[in-house]
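Q: Could you take a close look at the nonpolar patch on the surface for me, and then walk me through the aromatic rings as well? I'm new to this, so please keep it relaxed.

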Amino acid sequence: MPPAVVLVTGVSRWLGGALAAELAADPAITRVIGVDTVPPSPEMLRRLGRTEFVRADIRNPLIGKVIAAASVDTVVHMNISSTPAGSGGRVPMKELNVIGTMQLLAACQRAPSVRRFVLKSTSAVYGASSRDPAVFTETMQARQVPSGGFARDSVDIEGYVRSFARRRPDVEVAVLRFTNFIGPRIDSLLTGFLRMPLVPTALGYDARVQLLHEDDALAVLRRATTGSFTGTVNVGGAGTLLLSQAIRRLGRIELPLPSPALGSVGRLSRRFGFVDYSPEQMRFLNFGRVVDTSVLRTDFGYSPRFTTAAALADYARTVPPVVDPGTVHSVTDGLRSLLGRVGGAATAVEQRLRPAPPAPGLRAVRDA
Amino acid sequence: MPEARVIPLRPDDDDPYVPPPSSPGWEGQVAGGLEFLQRRLTGGYDTDEFGFDPDLADHVLLPALRPLFQKWFRVETVGLENVPADSGALVVANHSGTVPIDALMTTVALHDEHPAARRFRLLGADLVFEIPVIGAMARKLGATLACNEDAERLLTEGELVGVFPEGFKGIGKPFRERYTLQRFGRGGFVSAALRTGAPIVPCAIVGAEEIYPMIGNARTAARLLGLPYFPITPTFPLLGPLGLVPLPSKWLIAFGEPIETASYGPAAAEDPMLVFNLTDQVRETIQHSIYQLLLRRSSVFGK
């Protein structure tokens, strides 16, 4: 049975807004309510269509009244901030993430109309360290529980959602652990990071990166909202790339820095509002993270259209390369033709000096 | 009387003359290098989920190891027919030599000398992946963390997985204990093989013990650096960087007959008695084959 009234939190961001817009375009859904602390941009507002926007803070008990009044039956929780810069510092970020989720879950627990809860979580809950297996399945846990930041928040949030599921067994709960998003329109940690012409990386480390295209992310969220999957699922594109390889494919220049220096570069870049990377993101840069997506393909029933490489290529359309692959090709082709000429001349000279022995023509002997 | 047979006098005459294949000239090599450079600059190569980079391994890492394999250690391989050509198997070997060069040489042996040019996927300790550069290079050469999850994933994908169950106990043992196998961990490798039904190929490596004869262990230095041991050899740290040159011992690598595990079924991995027995069987086989190889080798630094 399709949902009648859907509440989407974090609707002012690209992914939340895009999901609300898609749900609003579906005539089977009666009402779509979008919640966020900041109003959506005018362009986003146009796309949202018949979505009703409620400017509310999920940290505020008001959200309970919204859920009860509209008798919401499906809640999609996406208002989880991954960077301190986006929410005005680490303390407000943690408050929004953890306290906000608690408030929302408390409101859902009180509302008898709610029968489905979808959480947009992250594969960051698996952590990133040298002691981790190369590929994580849903049943694995972080060997080292992430100590702070977004990953820690996500671990806490998943814990609250699990206990909510125990208290309200009649509610179907789906937890989606997404890998890093990428695409021409989405604004994610990695898109900002890879847009810099000089990309700082950890010297002596090369992370394995698994990407998910924004279109696939949207399709998975939509399917999780309207479908009946319950449980936890890893969501990521097929295949992986090394960070250095991704940087080269985008025509960026890699700037390997020793890990301590990387920290201060991160602080500097955060101060100037470029890209911010915290200690946990640095660990991700060191080791990377790959998840097993067989549950996504079988139980959940969705195969991402974009592989990691294809998603990166689609994103690359929007970032003009610093090192143009065309230039690289023309330079190497030029060198190759030069080499061919030099090689040809050298063989000619060699043949003049030392003619090759003729092939033995002994066939006539047989008749003798 | 049997029928007369016609024996052609010059059978070669029927075949067209084929000039001997010439090795690629320097132009070909430079062109190959240019192509490689272009691929590296534009990121146009493939890597797998474990971080394995076949392009880099084939064009940089293996060629760098080859002189060591052919000229320096003069490695001889025995029993390559025991290594399956196209299916998963777990190669279990003894570990020695202070620095895990034995793992690298076995990688070269299986790639260069095995008819199917098998890729050897090593399982390494977490310490390896923590060290900058070394850890990244190990992954690019096809290694991954020694844990059951990774081992089973590689084996089910049909890869040839290499494991050194002695770990640091084997590689960091003093020279006087050379060629005596240490304890074989907790038998995790056997349960991985049982769960995936992959055969276990025992592998004995002779020669690695002598490359850096470890006559002492500076425990304080090891503790300061966070290493399991800090080797003192006759030349290191006495001669400084020169002491890092391995001694040119003669190497023999022997692959024994595979021990089949599929008939036990995956549930057998939960039977500790069977796991211990198999672990012991593998250990005995390797120890036995080490003694045989030692008898075969006439002298440590000989031809």
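A: Let's start with the patch. A:V331, A:L335, A:L338, A:V342, B:W26 and B:V30 form a nonpolar patch on the surface, and together they have about 510 Å² of accessible area. Keep in mind that you're looking at a predicted model.

So where do those residues come from? Two helices each supply at least two of them: α14 of chain A, which covers 325-353, and α1 of chain B, which covers 26-42. The top contributor is α14(A), with four residues in the patch.

Now zoom in on one member, B:V30. You'll find B:V30 in helix α1 of chain B. Its relative accessibility is 38%, so B:V30 counts as partly exposed. That fits how patches are picked, because a residue needs over 30% relative accessible area to be a candidate.

For another surface residue, hop over to A:A69. This alanine is in helix α3 of chain A, residues 62-69. A:A69 has a relative accessible area of 72%, so it is exposed; the cut-off for that word is over 50%. Here's a neat thing about chain folding: A:A69 and A:A111 are 42 residues apart along the chain, yet their C-alpha atoms are separated by 9.6 Å.

On to the rings. Over all chains, the structure holds nine aromatic pairs. One of them is A:Y126 with A:F136: the ring centres are 4.7 Å apart and the planes meet at 10 degrees, so this pair is stacked. A:Y126 sits in the loop between β5 (116-122) and β6 (135-136) of chain A, while A:F136 belongs to strand β6 itself, so the pair ties together parts that are 10 residues apart in sequence. Both A:Y126 and A:F136 are buried.

A:F178 and A:F181 make another aromatic pair, and this one is tilted, with 5.2 Å from centre to centre and 50 degrees between the planes. Is each partner buried or exposed? A:F178 has 1% relative accessibility, so it counts as buried. A:F181 is at 12%, so A:F181 counts as buried too. The cut-off behind that word is under 20% relative accessible area.

Rings can have charged neighbours over their faces as well. In chain A, A:R223 lies over the face of A:F300, at 6.0 Å from the ring centre. In chain B, B:R139 lies over the face of B:F129, and here the distance to the ring centre is 4.8 Å.

Methods. Residues numbered from 1 in each chain as written. Chains lettered and ligands numbered in written order. Predicted model: local features only at pLDDT ≥ 70, side-chain atom pairs only at ≥ 80, totals over all residues. Heavy atoms only, no water. Patch = residues over 30% accessible without salt bridge, like charges linked within 9 Å, V, L, I, M, F, W, Y side chains within 5 Å. Areas by Shrake-Rupley, 256 points an atom, 1.4 Å probe, with all protein chains shown as cover. Salt bridge = Lys/Arg side-chain N within 4 Å of Asp/Glu carboxyl O. Buried < 20%, exposed > 50% of the residue type's maximum accessible area, 1.4 Å probe, protein only. Phe/Tyr/Trp six-rings, centres within 6.5 Å; stacked < 30°, edge-to-face > 60°. Lys NZ or Arg CZ within 6 Å of the ring centre and 35° of its normal.
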